[in-house]
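Reader: I've got a new model up on my screen and would like a quick walk through it. Can we take it question by question?

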Amino acid sequence: MKIKLAESLGYCLGVRRAMNMAFRHLSRRGEKVFSHGELIHNNPALELLTEKGLKIWNGETSGAIIVRAHGLPPEQLQALKRTDLTISDATCPRVLKVQNLVAREAGSGRDVIIWGGANHPEVIGLVGHSLGRGYVVKDAAEVAKLPQFERVLLVSQTTQDLEQWPEIEAAVLARWPEAMIRNTICEATVARQGDVRQLVEEVDALLIIGGKTSGNTARLAGIGRRKGLKTLLAETVDDLEPDWFQGVKTLGIAAGASTSNWQIGQILEAVRTMTRPKGSFLPRLMRALVLSNIYAALGMAGLSQCAALLMGLPLEPFIFSFFFFQVISIHLLRDFTKGQTVKFNDPDRQYFMTKYRRPLIVFGALSFVMAALGAATGGTGLTFLMGIMWLTTLIYQFAPRPRGYEDWNIARLLVKPAVLAAGWGAALVGAAGLFNMSPDMKISALTALSALVAISGHIFSLVIMGDVLGAQGDQIFGRPSLPIILGEKRTKNALKLIFIIWTAWLAVSGFSGALPPLAFLMIISGPLYCLALLKPLFRSPYGYLFEAAMYGQLILTLAWVLVWAA
């Protein structure tokens, strides 16, 4: 079965902002945190917040309270301000704009027609801002039943169905030709609905992931059902049945605006497991290579050979095998010590590790023994480099992390991936020099430094991209990382800057003769390759396929090495 993902997945701006506020408060020790009603419409996310300590406000007068993403009527907000509660307003900025519009126009004497659900919290908030001039309609028929007004404003609940807006607009204009019409359906809603309308033309079944109490999610499912398409709305893996996928050749998957990446990832991996053909050998092989870390180890070991060629040294199979086993043991240790974050960041890996726990532990232990034997055979220098790799890994994985968001510092967070990249880069370059140099051969400091930066660029980019993939799980468990602090836009810009510097370094090193022309090929497999991954990286990639693409930069570099050495 082929799976097509919608372009827009993961939290919308307003939901992400509300969840960030909640985790910011919950990361602080000893603080009582409440939300004014359900923060968002997504039961799995709400259950997670409850486990972390968030409670629904029930009249308490001290602690911190988060205003839900849907907003509040002004009188309720004023009542909160009269307490000793610390208020964090998580009202979606787009909802806030509609509230201000309604308040301004109602204050100028307009009556406000609000298209939406009368009991929806966002609509209740809009009515509260209308100064008693708000009237809620659910469809065009209800417009005809409204009293006669002199001056009218029409707005919409931000998550309504865009296809039905023209009908509402026409009904209002038929009665009030001079009415002020403002389509306030938000861009995130429009984008998701557009994605689903495109998907239904390309698939024969539709799976919508999201909260069953979420209006925008239900409307996405409604698009598929009105098209006559086989459609399922799933909130958790428990909503899936293998029989439902029988006969489906192409499945479209979309998600509501309040659906988290980890929720989508869990359901997507469950779908893949349920529908994976038993005879699909190559996909199963690739999955096993990636999730067992053999794929990553091959790529990292290839970097050791690349380092040798960059410094004008011959290839050394012994060094390749040493780093292969070294990386296997380190990565498996990393996977088994990630704790609960792997459940949210990579559910397929968690399933794989649970199912094959004992063989993976044995494989990791044997790999460590093989690497240790290699280091002992290679002498003191190689043992020292092995120690550098383990030390920088342990610093990155286990060094104390600040607890509260207010303690998170960009410079402090940048040190750990930089140290890891420099440590691994130094080990890869140093090992190549240790084993391959003849007594009469000299490598200039400039060449060694150029090779170190070229190799470390790969490792640093992989670490930061891994942090992006793990951002939601890290945030849930209070583990700071650069993508969490910087946010999506600034993280993208920072990565682009890093890729530009990396490209310039390789180009200058190649033109100056500090590195051989292989440096120009590395521009393709390094910064340009990573730049091509930026868009899918930030549109919620899931599973082993994207990890394979991420480490593909190393496999492509290994291919350059083999071609160059031939």
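Author: Sure, and keep in mind that this is a predicted model. Let's start with a serine, Ser-450, and who it touches. Leaving aside its neighbours within four places in sequence, Ser-450 is in contact with Trp-505, Ser-509, Ala-514 and Leu-515.

Reader: Which helix holds Ser-450?

Author: Look at residues 445-469, which make up one helix. Ser-450 falls within that run, so to speak, and the helix is H19.

Reader: Is Ser-450 buried or exposed?

Author: Its relative accessibility is 1%. The cut-off for buried is under 20% relative accessible area. Ser-450 therefore counts as buried.

Reader: Over to Met-370: how does its relative accessible area class it?

Author: Met-370 sits in helix H16, residues 357-378. Its relative accessible area is 41%, and the class between under 20% and over 50% is called partly exposed. So Met-370 is partly exposed.

Reader: What is the accessible area of the nonpolar surface patch with Met-370 in it?

Author: Met-370 shares that patch with Phe-368, Val-369 and Leu-373. Taken together, the accessible area of these residues is about 360 Å².

Reader: Now the sheets. In the open sheet ordered E7-E6-E8-E9, which strands stand at the edges?

Author: That sheet has 4 strands with parallel pairing. An edge strand has a single partner strand, so one side of it is left without a neighbour in the sheet. That describes strand E7 (134-137) and strand E9 (180-181).

Reader: Which residue in E9 is the bridge partner of Leu-154?

Author: Strand E8 (residues 152-156) runs parallel to E9, and 2 bridges join them. In E9, the partner of Leu-154 is Ile-181.

Reader: At what angle does helix H4 run to E8?

Author: Helix H4 (residues 93-107) packs on the sheet and touches strand E6 (111-115), E8 and E9. Helix H7 (residues 165-175) also lies across E6, E8 and E9, at about 170° to E8. For H4, the angle with the direction of E8 is about 170°.

Reader: And in the open sheet E3-E2-E4-E5, by how much are neighbouring strands turned against each other?

Author: This sheet has 4 strands and parallel pairing. Its edge strands are E3 (54-56) and E5 (86-89), each pairing on one side only. With direction ignored, the average turn between neighbouring strands is 30°.

Reader: Which residue in E5 stands opposite Ile-66?

Author: Strand E4 (residues 64-67) is joined to E5 by 4 bridges, and the two run parallel. Opposite Ile-66 in E5 is Ser-88.

Key
Residues numbered from 1 in each chain as written. Predicted model: local features only at pLDDT ≥ 70, side-chain atom pairs only at ≥ 80, totals over all residues. Heavy atoms only, no water. Pairing = 2+ DSSP bridges. Contact = heavy atoms within 4.5 Å. Axes fitted to C-alpha atoms, helices over the stretch in contact; angles between N-to-C directions. Patch = residues over 30% accessible without salt bridge, like charges linked within 9 Å, V, L, I, M, F, W, Y side chains within 5 Å. Areas by Shrake-Rupley, 256 points an atom, 1.4 Å probe, with all protein chains shown as cover. Salt bridge = Lys/Arg side-chain N within 4 Å of Asp/Glu carboxyl O. Buried < 20%, exposed > 50% of the residue type's maximum accessible area, 1.4 Å probe, protein only.
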